[in-house]
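Please look over the sequence and the structure shown here before reading on. The briefing that follows takes up surface features, then aromatic rings, then charges over rings.

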Amino acid sequence: MAVELDGITKRFPGVVANRDIHLHVRRGSVHAICGENGAGKSTLMKILYGMQRPDEGTIAVNGTKVSFGSPSDAIAVGIGMVHQHFMLADNLTVLENVVLGSEPRKGLSIDFAGARRKIKEISDAYGLGVDPDALIEDLGVGDRQRVEILKVLYRGARIIILDEPTAVLVPQEVDELFDNLRGLVREGLTVIFISHKLDEVLSVADEITVIRRGTTVQAGIDSKTVNARQLAELMVGSELPSPETRESTVTDQQALAVRDLTVRSSDGRPVVDNVSFTIHKGEVLGIAGVEGNGQAELVEAIMGMRPSTGTIALAGTDVTSLDTRRRREAGIGYVPEDRHRHGLLLEAPLWENRILGHQTRRPNSKGPWIDRAGARRDTERIVREYDVRTPGIDVAADALSGGNQQKLIVGREMSGEPVVLIASHPTRGVDVGAQAAIWDHLRAARAQGLAVLLISADLDELIGMSDTLKVILRGRLVADVDPATVTPESLGSAMTGAGEGA
Amino acid sequence: MSARLRSLLLTLAAPVLAVVFAAIITSIVLSVSGHGPIETLSLMVDYGFQPRTISLTINSATTYFFAALAVAVAFRMNLFNIGVDGQYRLAAMLAAAVGGAVALPGPLHVLLIVVVAMLVGAAWAAIAGILKATRGVSEVISTIMLNFIATGIVAYLLNTDRLAVQVAGSNNIGTKHIPESGHMPGLSLIPGSGTQQVFGFVIIAILAGIAFQVLLNRTRFGFDLRATGQSESAAIASGVNVKRMVVISMVISGAVAGLVGMPQLLGASYSYGLDFPTGLGFTGIAIALLGRNHPVGIAIGALLFGFLDNSSNILQINEIPNEIVVIMQGVIVLSVVVAYELVRRYKLVAEQRRVSRELSAGGTGGPAPEGAAA
């Protein structure tokens, strides 16, 4: 066994990220760890790579018990990690990037010749085909990833962790990566592969461990004995609270009408391409799509945070020319995709976070003045009604768990009777209890006539919550799907453009 | 409540420790250079607490306070206004020139000079703000450059062919003497300080500190400013027009910077000459860091720096180099920055721990939602 993790438990304030996890990885195999977003995969890998210490449990590498204080301890026993986001200096060559931080010395100077030879050797041995003298900025994403792999190999790793390595790759590059991984394994290395994409997991992994809600559902499944459907069931679980809202509350009054919305990236390419849709009062419109197909840009354009062309009308009034604040005042609520970046002031107390995004409205302000008492009182209300678990409203937002932070945001955005709620991944990274609570609140508000634009990667959430479901692919709305009849599988294939002519 | 008290103590611990650490370093330097630390310190304390020195300390502190407040306004929004130095010098010179050129009844004359100074400071700082908002130029670079340009403009205008006149009986040149009606009367605040009065501007400084605190903590504008400083992306998502905020906060910072030269100009020198104090903007940065951009902290920091500056005058008479004070000030600022960061991280972790402890003890369903859901 290359790696044995037993009984790993890791608690964060208010949430247990990992609970009694068991993971056994055979030497010379590709072992996939799969689970939904927020299932605890990343925390587990950070523990294995020495970035987090487990509260309980043991780690053994090659049969020897170890305890890591930092990633350098993990590197010392031969564990390397390729992060999802590359950590390369663009203006340096492959050679310079690889030696960066562990420069081989020859007297006072760096032994570049020796390093170049070693890189060549490694590259040839594993068929990576990396040119040591190429500049990083000239390389494509697939090549950069190979440089990252080479970097860990250069530091002597025999066990390589890849965190969602295919998220940034196009299909051909994915195939190349998998060839590389098989090459590594043939040479006796061990690969731990983190993913939530089932087809990829099945095609490359020898064994699979499934994690759900922080704990192992099933460890060491032989990849030849399962199919994608069984894997999906293990990942999602059967007792998942149902997000269903079957009774229709859709009215014929338009709440949000978007026409011909186009957003261009800095190089002029349309990332949202001529998108039009209408959401009625009491309707939830779901947008399904593989991440990175323009969802984030669409939301930011509707919020007025990103320049766009086309028109946006809110309850019949054209808001196209209004800035973000005016649009919010006109009645758009916003649950952002990344709550830390866009939804909260992490070091500010909860009651100040209640004001954020609603600075100009009662009960938070009176004219140019902040109404402290009003904001505090209303924060107490949100904490009570949305079951935000906190000792008080004076603690910093940072001290709360993700689920409680999210409940606070949802509560805040639901205040002031919004016409439309833009909910981007509203239950991402929150525990199941908070998830069910957020769904309940959305359902209740919908029954009161709220229109919701729901963007999510969780297909069950999309299918269960939406009255209307559209599929976004490369910035365009390519298909309408009936949520009453669609299955996650058929929705998944629509999202990847299977069966679409273009 | 005890948690809040603990937090307050921790906040106070950082600067106190930094000052103690600085005293130790200074003592070592003094010992190495052959002077007794204790004797040196007692010399400074004895001299520093004489009524006349106290007056001088308050006067220095008044000037420093404005400089630090100007820096702090920008700091709260994550803008680094290094240009306070150029802003106040240009403002003081032009205001002095205007003040010397007109004759108005008392308070109006003073008011005119102050308003001119604030407008010039604001305009000079606005250049950096507009460059950042429209072209994305880092305010650090542009304000440094604007300092040089301000130096050039002041040197050009401060010439007997232009705005300056020869000061009677000396080599110095300066702007025309501001007539009596444009003087800010001093206050005999410290008993026994004789003719050494306290700048009347100390009252304006206190008012400015209160206004700063009210603006930041009680107004929507202040909330937007602080939100932008804490997280620009969250501020944008909340509807703050960050570009406009950049320009406005630079303008405010520059207007406050315009006040830096006023205590000296309207309370002592009544003319902008070659000997007008320079470099106050940089002292302001140090004091803003020391005071954590909070008016009370800044006031204490300004008094400390003023005390060190003025009490060190006694050292030279005793043949101890008074540069020792500069070393001490430098060490204080460096160690205080480190100490604040350590305390900030500690407090964050401590609060997270406290929250999870109180939640698990509170019986509000427990901290393990998994448990509840399973």
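A patch, as the word is used here, is made of residues with over 30% relative accessible area and no salt bridge, and nonpolar side chains are joined into one within 5 Å. The structure is a predicted model, and the points below are grouped by topic.

**Nonpolar surface patch**

- Trp369(A) forms a nonpolar surface patch of about 570 Å² together with Ile203(B), Ile206(B), Leu207(B), Ile210(B) and Val214(B).
- The most is given to this nonpolar patch by helix α7 of chain B, which spans residues 201–218 and supplies five residues.
- Val214(B) has its place in helix α7 of chain B, and this residue counts as partly exposed because its relative accessibility is 32%, where partly exposed covers values between 20% and 50%.

**Aromatic rings**

- Over all chains, the structure holds six aromatic pairs.
- One of these pairs is formed by Phe66(B) and Phe201(B), which meet edge-to-face at 6.0 Å centre to centre, with 75 degrees between the planes.
- This pair links distant parts of the chain, since Phe66(B) lies in helix α3 (residues 51–75) of chain B and Phe201(B) in helix α7 of chain B, 135 residues apart.
- Phe66(B) is buried, with a relative accessible area of 0%, and Phe201(B) is also buried, with a value of 2%.
- Phe65(B), Phe66(B) and Phe201(B) are linked into a cluster by ring pairs.

**Charges over rings**

- In chain A, Lys118(A) lies over the face of Tyr154(A), at 4.3 Å from the ring centre.
- In chain B, Arg162(B) lies over the face of Tyr156(B), at 3.9 Å from the ring centre.

Definitions and conventions
Residues numbered from 1 in each chain as written. Chains lettered and ligands numbered in written order. Predicted model: local features only at pLDDT ≥ 70, side-chain atom pairs only at ≥ 80, totals over all residues. Heavy atoms only, no water. Patch = residues over 30% accessible without salt bridge, like charges linked within 9 Å, V, L, I, M, F, W, Y side chains within 5 Å. Areas by Shrake-Rupley, 256 points an atom, 1.4 Å probe, with all protein chains shown as cover. Salt bridge = Lys/Arg side-chain N within 4 Å of Asp/Glu carboxyl O. Helix = DSSP H or I, 4+ residues; strand = E, 2+ residues; numbered from the N terminus. Buried < 20%, exposed > 50% of the residue type's maximum accessible area, 1.4 Å probe, protein only. Phe/Tyr/Trp six-rings, centres within 6.5 Å; stacked < 30°, edge-to-face > 60°. Lys NZ or Arg CZ within 6 Å of the ring centre and 35° of its normal.
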